[in-house]
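Dear colleague,

I am passing on a structure for you to look over, and my notes on what was found in it follow directly below the entry.

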Amino acid sequence: MLHRLLRKRHELAALLVDEFRNVIPEYQKLSDATIRDVVEMSVHNITHVTTTFADATTDFEGDIEWLRRSAVRRLHQHVSLASLLRTYRLSGTMLWRAICEECGDDAVGREVALDCADAMMRYTDSVSSALTQAYLRESMSVASGGQALRTDVLETLVTGEPVSETARRHATTLAMTLRNRSVFVVLVHVHDLDAPSSGVHAALRTIRDLLATRLDTTLVGARDAEIVAIICPVAEADQGVLNNALQELVTEHPDWSIGVGRTSEGVAGVRRSYEEARMAVDLGIEASWAGRVIRFADVMLDQILRSAHHLDALLEETVQPLVDYDAHKRADLVPTLRAYVRSNLNMSKAASVLGVNPNTVVYRLRRIRELTHRDPNDSDDLLLLAIGLRLLDSVPPDARLGRPHP
C-alpha cells in the first residue's frame with residue numbers, strides 16, 4: 001500500500017498544492033517559482049511519510065533538514081506560520097484519505113487505516129513542532145542578526161534558486177561584488193541547534209566575531225544547522241590567519257564539524273566551494289573525525305572512493321583479510337600497514353610509531369603479503385593497499401556490507 005502511495009507522490013503533491021491555493025489566501029499570492037518549491041516540498045513530505053511508515057519507526061524527526069529550510073524560505077516569502085502549519089494539516093488529512101483508498105474496505109484494510117491515522121497524527125504533530133521551531137528561530141535571527149547574512153540571501157547564493165524577490169536582489173548585488181574575486185567557503189555544522197553555548201546562534205556569533213575581526217572580507221550566515229562563512233582572501237597572510245582561527249574553533253568546540261572548500265571565483269565559486277565544504281563535513285561526520293578541520297582538497301581521494309562502485313570488492317582485494325586476521329588473532333597488521341605507509345615506507349620510523357622492533361615490522365609485512373597476495377615492497381601492490389586503507393578509514397561501515405570498522 002505504501003509503495004503504491006509512493007508511486008503516486010507527484011500526482012498527490014499537485015493535488016495538495018491546488019488545495020493550498022484554493023483555501024489559503026496567502027498561497028494564492030505566491031509566485032510561480034515559489035509554488036514550484038511548494039510542490040517539490042510536498043513531494044519530499046509524501047516520500048518522507050511513506051518511507052518513515054514503511055520502516056515502522058516512530059522517529060519522525062530523523063533527517064528533516066529539508067523541512068526546517070522550507071520553513072525558513074516560507075518566512076521570507078511572507079507566508080505566516082499559521083498558514084504554513086495549515087498546509088501540513090491539510091497534507092496529513094489528504095494523505096490519510098489516500099491511504100484509506102489504498103487499504104480498501106475489508107477488516108484488515110480498516111485496521112491498517114486506523115493504525116495509519118494514529119501514526120499520521122503523531123507525524124503531523126512532530127512536523128509542526130519542527131516547523132514552528134525553525135520558523136521562530138529564523139524570525140528572531142531576522143530581528144536581531146543585522147550583521148549576519150540573511151538566511152534567504154544565503155540560501156539563494158548557495159543553491160542558485162531565488163527564495164524571494166528581496167533575496168534575489170541582494171544576491172545579485174553580492175554577485176556583482178564578488179565578480180572576478182577569489183572566494184572560498186568555511187562551513188561549520190552544529191549538532192545541537194538550540195544549545196545555549198554551542199547551538200546555531202552561539203556558533204553564528206562566535207564565527208562572525210572570530211573571522212570578521214581578522215579577515216577584511218567575510219560574509220557569515222546561518223542555514224539550518226550550518227554556519228556558512230564566505231571568505232574573500234586579499235593577501236597570502238590571510239590563509240595563516242584563517243588556519244589559526246579555525247584551530248581555535250576546533251579546540252574550543254570539538255563537537256562542531258568544520259569543512260573548508262577550495263578557492264574559486266565569483267558567485268559560482270561560492271556554490272562550488274560550499275558543496276565541497278559540505279562534502280568534507282559529511283565525510284567527517286560519517287567517519288567520526290571529531291576535533292579537526294577537514295579541507296576538501298585533502299580528502300578528494302576519500303570522496304572519490306566513497307562514490308566508487310564495488311567498494312566491497314576493493315576492500316576484499318586489499319585490507320579486509322587483514323581486518324579479519326587482526327580480529328581473530330589479535331594481531332596488528334592493519335596498524336602496521338598504516339604506520340608503514342604514513343612513515344613513507346621507513347621501517348625504523350614505523351617500528352618507532354608502533355613501539356616494536358623493526359624486525360617485527362618486517363615479519364608483519366611478510367604476513368600481509370601472504371594474506372593479501374600483495375607485496376608492500378612492490379609499488380603497484382602498495383598503492384592498492386594504501387587505497388584500501390584510505391577506504392577503510394573514510395567509508396562508513398554501513399556502506400561496506402556491514403563489516404566491522406576497526
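How many helices and how many strands does the protein have? There are 19 helices and 6 strands, and please keep in mind while reading that this is a predicted model.

As for the overall dimensions, the C-alpha trace spans about 80 × 65 × 35 Å along its principal axes. Of the 406 residues in the protein, 48% are buried, and the accessible surface comes to about 20200 Å², with 51% of that area belonging to carbon and sulfur atoms. Among the contacts with a separation of 6 or more, 67% are made by residues that lie 24 or more positions apart.

The protein carries 46 positive and 56 negative charges, and the mean positions of these two sets are 2 Å apart.

You may also want to know about the cysteines, since the structure holds 0 disulfides. Cys100 is in no disulfide, and the nearest cysteine sulfur to it, which belongs to Cys103, is 6.3 Å away; the cut-off for a disulfide is a pair of cysteine sulfur atoms within 2.5 Å. With a relative accessibility of 24%, Cys100 counts as partly exposed. Cys116 is likewise in no disulfide, and for Cys116 the nearest cysteine sulfur is again that of Cys103, at 5.5 Å. Cys116 is buried, its relative accessible area being 9%.

With best regards

Notes
Residues numbered from 1 in each chain as written. Predicted model: local features only at pLDDT ≥ 70, side-chain atom pairs only at ≥ 80, totals over all residues. Heavy atoms only, no water. Buried < 20%, exposed > 50% of the residue type's maximum accessible area, 1.4 Å probe, protein only. Helix = DSSP H or I, 4+ residues; strand = E, 2+ residues; numbered from the N terminus. Contact = heavy atoms within 4.5 Å. Areas by Shrake-Rupley, 256 points an atom, 1.4 Å probe, with all protein chains shown as cover. Lys, Arg positive; Asp, Glu negative; His and termini not counted. Charge placed at Lys NZ, Arg CZ, Asp CG, Glu CD.
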